[in-house]
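Reader: I would like a close look at a single part of this structure. Please take one helix, then follow the charged side chains and loops.

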Amino acid sequence: MRKLTHVLGVPFDAVTMEEAVAKAKKLLTTEGQHIICTPNPEIVQMCIEDESFYEVINSAELIVPDGTGVVKASRILGTPLKEKVPGCEVAEKIIEYAAETGDGVYLFGGGKKT
């Protein structure tokens with residue numbers, strides 16, 4: 001069962017890095033396209049400033065807390081997340097797994113510099 005913790009209206013899966021990677025691997029073996037979001041405090045603020053961002057985050061099947069500020073806020077709110085789960089590390093592990101299995105991965109985001 002999926003356990004979500006909300007920080008300023010943004011849901012986060014209460015997972016460790018190991019649990020997040022296991023869920024991501026399971027998504028790769030499930031038919032269809034899947035969205036994983038890695039909100040940090042700046043993205044939480046973007047959601048507050050523009051509510052359309054909430055829709056994007058809420059459409060994800062895995063939402064990991066990418067930032068110490070998110071984890072600390074969850075503790076202050078009394079619904080602690082297990083740990084910080086950096087999105088770049090999750091992505092690395094997913095890409096490594098996809099390379100081993102021959103699955104495809106599409107990355108969306110970043111700017112001209114990235």
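Author: What follows starts with helix α1 and then moves on to charged pairs and loop residues. The model is predicted, so every value here is computed from predicted coordinates.

Start with the helix itself. Helix α1 covers residues 17-28, 12 residues in total. From the first C-alpha to the last, α1 reaches 17 Å. That is close to the 16 Å expected at 1.5 Å a residue.

Which residues of α1 are buried? They are Met17, Ala20, Val21, Ala24 and Leu27. Seen down the axis of α1, these buried residues fall within an arc of 115°, so they line one face of the helix. On the other side of α1, Glu18 and Lys26 are exposed. What does the buried face pack against? The partners of the buried residues are β3 (36-37), β4 (62-63) and α5 (87-101).

Helix α1 also takes part in a salt bridge. Side chains of opposite charge can pair when their charged atoms come close. Here Glu19 meets Lys82, with N and O 3.0 Å apart. Lys82 sits in the loop between α4 (68-76) and α5, and Glu19 in helix α1, so this pair ties together parts that are 63 residues apart in sequence. Buried or exposed? Neither label fits these two: Lys82 is partly exposed at 44% relative accessibility, and Glu19 is partly exposed at 33%.

How many salt bridges does the model have? The count comes to 2. The other pair is Arg2 with Asp13, whose closest N and O atoms are 2.7 Å apart. Arg2 lies in the segment before β1 (4-7) and Asp13 in strand β2 (residues 10-13), so the pair ties together parts that are 11 residues apart in sequence. Arg2 is partly exposed, at 37% relative accessibility. Asp13 is buried, with a relative accessible area of 3%.

Now a charged residue without such a partner. Asp66 lies in the loop between β4 and α4. Asp66 is buried, yet has no salt bridge. The nearest side chain of opposite charge is that of Lys84, 5.2 Å away. A salt bridge needs nitrogen and oxygen within 4 Å, so a distance of 5.2 Å does not qualify. What does the side chain of Asp66 reach instead? It reaches the backbone nitrogen of Gly87, at 3.2 Å. Leaving out residues up to four places away in sequence, Asp66 touches Thr38, Pro39, Asn40, Pro41, Lys84, Val85, Pro86 and Gly87.

Two more loop residues complete the tour. Leu8 is in the loop between β1 and β2. Phi of Leu8 is near 50°, a positive value in a residue other than glycine. Leu8 is exposed, with a relative accessible area of 56%.

Ser59 is in the loop between α3 (52-58) and β4. Ser59 is partly exposed, at 39% relative accessible area. Where does the side chain of Ser59 reach? It reaches the backbone oxygen of Val56, at 2.6 Å. Ser59 and Tyr97 are 38 residues apart in sequence, and their C-alpha atoms are 23 Å apart in space.

Back to the helix, in brief. One face of α1 is lined by its buried residues. Glu18 and Lys26 are exposed on the other side. Glu19 pairs with Lys82 in a salt bridge.

Conventions
Residues are numbered from 1 along each chain as its sequence is written. This is a predicted model: local features need pLDDT of at least 70, side-chain atom pairs count only at pLDDT 80 or more; totals for chains, interfaces and linings use all residues. Side-chain values use heavy atoms; hydrogens and water are left out. Helices (H or I, at least four residues) and strands (E, at least two) are DSSP runs, numbered from the N terminus. The expected span of a helix is 1.5 Å times one less than its number of residues. Buried means under 20% relative accessible area, exposed over 50%, partly exposed in between (1.4 Å probe, protein chains only). The arc is that of the directions from the helix axis to the C-beta atoms. Contact means heavy atoms within 4.5 Å. Lys and Arg count as positive and Asp and Glu as negative; His and the chain ends are not counted. A polar contact is a pair of N or O atoms within 3.5 Å; within protein, one must be able to donate a hydrogen and the other to accept it, and residues adjacent in sequence count only if both atoms are side-chain atoms.
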